[in-house]
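Open your viewer and get ready to click along. We will go one selection at a time.

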2 protein chains.
Amino acid sequence: MAKYLEIAHQLSERINNKEYLAGQSLPDQKNLATEFKTSRMTIQKAIDVLNFEGLTYSVQGSGTYVKKNADLISDFKVRSDQYVGLTQLFGKNHKITSHIIEFYISNPNEAEQQALKINRNQAVYKITRLRYIDNDSHALEYTTMPTNVIPDITEEILKNSIYNYIRNDLNLSIGAAYRTISAEKPNDLDQKHLNCKISDPILQIQQTVYLDDGKPFEYSYTRQRFDKGKFVILEPTHPNV
Amino acid sequence: MAKYLEIAHQLSERINNKEYLAGQSLPDQKNLATEFKTSRMTIQKAIDVLNFEGLTYSVQGSGTYVKKNADLISDFKVRSDQYVGLTQLFGKNHKITSHIIEFYISNPNEAEQQALKINRNQAVYKITRLRYIDNDSHALEYTTMPTNVIPDITEEILKNSIYNYIRNDLNLSIGAAYRTISAEKPNDLDQKHLNCKISDPILQIQQTVYLDDGKPFEYSYTRQRFDKGKFVILEPTHPNV
DNA sequence: CAGTGGTCTAGACCACCTT
DNA sequence: AGGTGGTCTAGACCACTGC
């Protein structure tokens, strides 16, 4: 492990242990450099990590201070060591299963072509799954993936987690995600599969997900009954640039 | 302007101008250091900025590559140079106005105490506004702010933007935001003010917003009719740590 | 193996906050 | 003025990739 990460880790433990108190400052960089027997640049890289994580913030000419919501930040970080497929979001304490409603190969429509940056001739998987959390039908998921980017999907994979397949078997790493969240009226399929009344709103998350290198590999909709889930985000500050 | 930011800026322009093509690599750090007459550390800080912004990514032992969705990233960055009050999100091309429905000082309820980290005796502003975009009623906003953190709010301020007041007049800088997005059934007030039927879903954004130093200053709900807006996010990768 | 990015050093100067 | 963080240097060694 790099020295600066090691130091960042130790400092964050001190913050968690209240050795450095919220609102108060850390020792100055020169002293930290002496204590950790390293150079100031390395201390600064460590502090950059803490600042990025939102545990601390630095004021030029004054010092580096522990944020007053440092605890919230740490909490959230644990919960969102994820990447959003349902499996990641709920996998720890709950059992996720899937029923495959549709699964076939076809050509992309215009929205899909645009989002996935492919043309009409590039075949895509079309996947419709009903997802269960602890045997309770939870969400309808419509997924489109180009066959050349994510090859050889099987029903077996769909019954578990596509994301685990992408990461572990295809050994690809997932990058950014672009999401649009909206409230919708339930359509016939929602009412049938999600067991909802005509007056029950639907929370829809539409997302395009990209690989590390920026290539889009998934265009999907997830629809769930309004009382079955919320979407949570922590938006950090980025005082950069 | 710091040299590394200047270099980052120039490199990002080259990416926008397709001098460096998507999927291809930048010149190596040593050459860039020579070109910009600087040290490798400084080049690396510049590249860190690009990587952070999602324009590029680096692979140890191989090179630094332009992401294939670099254009999407730049686009989004422009649109979200914000901070989420409605004013920021829509202010450019649209006229935002507000009708004040309620505005008084009171004591916080339990949820507010917890979110704002205050006790029952700390007075808070309670603000209910109906917000218009281009004279079209768009959203109901329920805001709670501690009077000691954000003092001297007036009706005049509420008719415009609280966020501009916080930034420009109080000279405070806004930090992270924690949001929960959900779909809800319309209540009586929604139906009255947002002109919606009982079957029209509501998109609700509940947020706690923090200052730079981590002190929470706003706990609010924004409710809008399902067909009046969506919530959009771009979630970057953070391969750190 | 050569070439790349990742880390680290020991010091320097600057910009800014505090008093 | 003194102390703090922000930047920068010129070089070094290491870890990894890809031929």
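A quick key for colouring by class: Ala, Val, Leu, Ile, Met, Phe, Trp, Tyr, Cys and Pro count as nonpolar, Asp, Glu, Lys and Arg as charged, and the others, Gly among them, as polar. This is a predicted model, where local features need pLDDT of at least 70, side-chain atom pairs count only at pLDDT 80 or more, and totals for chains, interfaces and linings use all residues. Residues are numbered from 1 along each chain as its sequence is written, chains are lettered from A and ligands numbered from 1 in the order in which they are written, and side-chain values use heavy atoms, with hydrogens and water left out.

Select DNA strand C and what surrounds it: a residue is near the strand if one of its heavy atoms lies within 4 Å of it. You should find 24 residues, and the closest are K3(A), T38(A), R40(B), M41(B) and Q44(B). Of the strand atoms that come within 4 Å of the protein, sugar and phosphate account for 62%. Now colour this surface by class: five residues are nonpolar, 14 polar and five charged.

Next, show helices (DSSP runs of H or I, at least four residues) and strands (runs of E, at least two), numbered from the N terminus. Helix 3 of chain A gives the surface near DNA strand C its largest share, four residues.

Finally, zoom in on polar contacts, pairs of N or O atoms within 3.5 Å; within protein, one must be able to donate a hydrogen and the other to accept it, and residues adjacent in sequence count only if both atoms are side-chain atoms. Pick Y4(A): a side-chain N or O atom is 2.8 Å from a phosphate oxygen of DNA strand C. At R40(B), a polar side-chain atom lies 2.6 Å from a base nitrogen of DNA strand C.
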